[in-house]
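Work through the exercises below with the model open. Each task is followed by a stepwise solution.

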Amino acid sequence: MANLPGFLRFAQENGANVLRIEGIITADEWGWWYQAMAIAAITPSSMRDQLASLGGADLTLIIDSPGGDCDAGAAIYTALMEYPGRITVQIPGRAHSYASLLAMTGDRRIMSPAAKMMLHNPYGDIGTCDYRDADSAYQGLLNERDIMAALYAEATGQSVEAICDMMDATTWLDAQSALDRGFIHEVQDFQASQAFQETAPAQEAPPIAHAQGLRQVFALERAACMRRLEARQAPTPQPPQDSLERAAIAERCRLMVADLLND
């Protein structure tokens with residue numbers, strides 16, 4: 001799968017399929033630029049490829065994104081809505097702009113009490129243009145706003161008019177506000193998670209047995225290290241054989257010279 005490395009991340013955690021959307025939502029043709037700049041991003045093709053590899057299995061989708069391109073977001077939204085498996089969305093930090101609409105694809109939506117969700121109107125870069133181009137861009141942005149508002153309304157039960165008002169005002173939602181307005185189903189309960197961990201059966205050995213085991217391990221490791229050190233000790237250096245022969249010849253010559261001098 002040709003993903004942007006580290007940006008659309010998949011893992012199996014405790015037997016569950018977990019997919020993380022982290023970074024900017026961008027079009028396929030711009031993915032290379034974000035990759036070259038080492039900026040976290042997600043593209044429609046990377047999402048489609050990953051979903052295809054799961055074969056319809058249930059999925060936990062963790063969203064931590066500032067949003068991004070509307071067209072790319074629409075393609076990712078469509079891929080998630082077409083996915084046959086059950087999707088649980090979790091928002092640990094941020095689901096801003098189009099990322100908040102991607103969160104609406106979850107069959108179950110859970111938000112951390114520390115997280116934020118943000119809705120606003122789509123932006124457009126008109127650039128150099130005449131009044132006709134400006135009017136066309138205006139109509140395009142208004143149409144995009146209406147499409148997004150209808151999708152928010154369908155997921156939350158809010159009216160389209162209420163959603164448009166929220167987008168016009170650039171609305172920031174904490175977890176409780178998102179729950180009250182139907183954007184999520186549940187605020188993450190940290191105490192429940194801690195209680196579960198506290199009541200889970202202990203897996204560690206008793207302290208005394210654990211300490212004894214460590215001492216045995218250290219003793220065995222020390223003995224193994226000593227054996228390795230002994231094996232690596234170099235033998236006592238011995239002079240080369242030719243050096244011994246030269247020394248013997250020199251000694252005989254010395255003795256001969258001594259005899260001659262004595263005579």
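A residue counts as buried when its relative accessible area is under 20%, as exposed when it is over 50%, and as partly exposed in between. By that rule, buried residues make up 33% of the 263 residues in the chain. The model is predicted.

**Exercise 1. The whole chain**

Task: State how many helices and strands the chain has, and what share of its contacts comes from residues 24 or more positions apart.

Solution:
- Step 1. Count the elements. There are ten helices and ten strands.
- Step 2. Take the contacts with a sequence separation of 6 or more. Residues 24 or more positions apart supply 63% of them.
- Step 3. Turn to the surface. About 16,500 Å² is exposed, and carbon and sulfur atoms contribute 54% of that area.

**Exercise 2. Helix α3**

Task: Check the span of helix α3 against the value expected at 1.5 Å a residue. Then find which residues of α3 are buried.

Solution:
- Step 1. The helix covers residues 70–82, which is 13 residues.
- Step 2. The expected span is 1.5 Å times one less than the number of residues. For α3 that gives 18 Å, and the end C-alpha atoms are 18 Å apart, so the two agree.
- Step 3. Look at the N-terminal end. Asp69 caps it, with a side-chain oxygen 3.1 Å from the backbone nitrogen of Asp71.
- Step 4. List the buried positions: Cys70, Ala72, Gly73, Ile76, Tyr77, Ala79 and Leu80.
- Step 5. Recall the helix geometry. An α-helix has 3.6 residues a turn, so residues three or four places apart point the same way.

**Exercise 3. Ala79 and its partners**

Task: Is Ala79 buried or exposed? Which residues does Ala79 touch, not counting those up to four places away in sequence?

Solution:
- Step 1. Ala79 lies in α3. Its relative accessibility is 12%; the cut-off is 20%, so Ala79 counts as buried.
- Step 2. Beyond its sequence neighbours, Ala79 touches Arg48 and Leu51.
- Step 3. Ala79 and Leu51 are 28 residues apart along the chain, and their C-alpha atoms are separated by 8.0 Å.
- Step 4. Compare another pair. Leu54, in helix α2 (residues 44–54), is buried at 13%. Leu54 and Tyr83 are 29 residues apart in sequence, with 9.7 Å from C-alpha to C-alpha.

**Exercise 4. Aromatic pairs**

Task: How many aromatic pairs does a search of the whole structure find? Classify each one by its ring geometry.

Solution:
- Step 1. The search finds two pairs.
- Step 2. One is Trp33 with Tyr34: the centres are 5.1 Å apart and the planes meet at 90 degrees, an edge-to-face pair. Trp33 is partly exposed at 33%, whereas Tyr34 is buried at 15%.
- Step 3. The other is Tyr152 with Phe183. Their centres are 6.0 Å apart. The planes stand at 65 degrees, so this pair is edge-to-face too. The cut-off for that class is over 60 degrees.
- Step 4. Place the second pair. Tyr152 is in helix α5 (residues 131–156) and Phe183 is in the loop between α7 (175–180) and β10 (186–187), 31 residues apart, so the pair links distant parts of the chain.
- Step 5. Check burial. Tyr152 is buried at 1%, and Phe183 at 0%.

**Exercise 5. The core and helix α5**

Task: Which residues have the most contacts inside the largest nonpolar core? Which elements do the buried residues of α5 pack against?

Solution:
- Step 1. The core has 45 residues; Met47, Leu61, Ile63, Met117, Tyr152 and Phe183 have the most contacts inside it.
- Step 2. The element giving the most to this core is α3, with six residues.
- Step 3. Follow Met117. Residues it touches include Ile91, Met104, Trp172 and Phe183.
- Step 4. Move to α5. Its 26 residues reach 37 Å from first to last C-alpha, close to the expected 38 Å.
- Step 5. The buried residues of α5 pack against α3, α4 (98–103), β8 (116–119) and α6 (160–168). Among those buried are Arg145, Met148 and Tyr152.
- Step 6. Just after α5, Gly157 takes a positive phi of about 85 degrees.

**Exercise 6. Asn121**

Task: Where is Asn121 placed, and which residue's side chain does it join through a polar contact?

Solution:
- Step 1. Asn121 sits in the loop between β8 and α5. At 23% it counts as partly exposed.
- Step 2. Asn121 touches Arg145, Met167 and Asp168, leaving out residues up to four places away in sequence.
- Step 3. The side chains of Asn121 and Asp168 are joined by a polar contact of 2.9 Å.

Note on methods: Residues are numbered from 1 along each chain as its sequence is written. This is a predicted model: local features need pLDDT of at least 70, side-chain atom pairs count only at pLDDT 80 or more; totals for chains, interfaces and linings use all residues. Side-chain values use heavy atoms; hydrogens and water are left out. Helices (H or I, at least four residues) and strands (E, at least two) are DSSP runs, numbered from the N terminus. Buried means under 20% relative accessible area, exposed over 50%, partly exposed in between (1.4 Å probe, protein chains only). A polar contact is a pair of N or O atoms within 3.5 Å; within protein, one must be able to donate a hydrogen and the other to accept it, and residues adjacent in sequence count only if both atoms are side-chain atoms. Contact means heavy atoms within 4.5 Å. Accessible areas come from the Shrake-Rupley method with a 1.4 Å probe; for residues, only the protein chains shown count as cover. Rings of Phe, Tyr and Trp (its six-membered ring) pair if their centres lie within 6.5 Å; planes under 30 degrees apart count as stacked, over 60 as edge-to-face and the rest as tilted. A nonpolar core is a set of buried Ala, Val, Leu, Ile, Met, Phe, Trp, Tyr and Cys residues joined through side-chain atoms within 4.5 Å.
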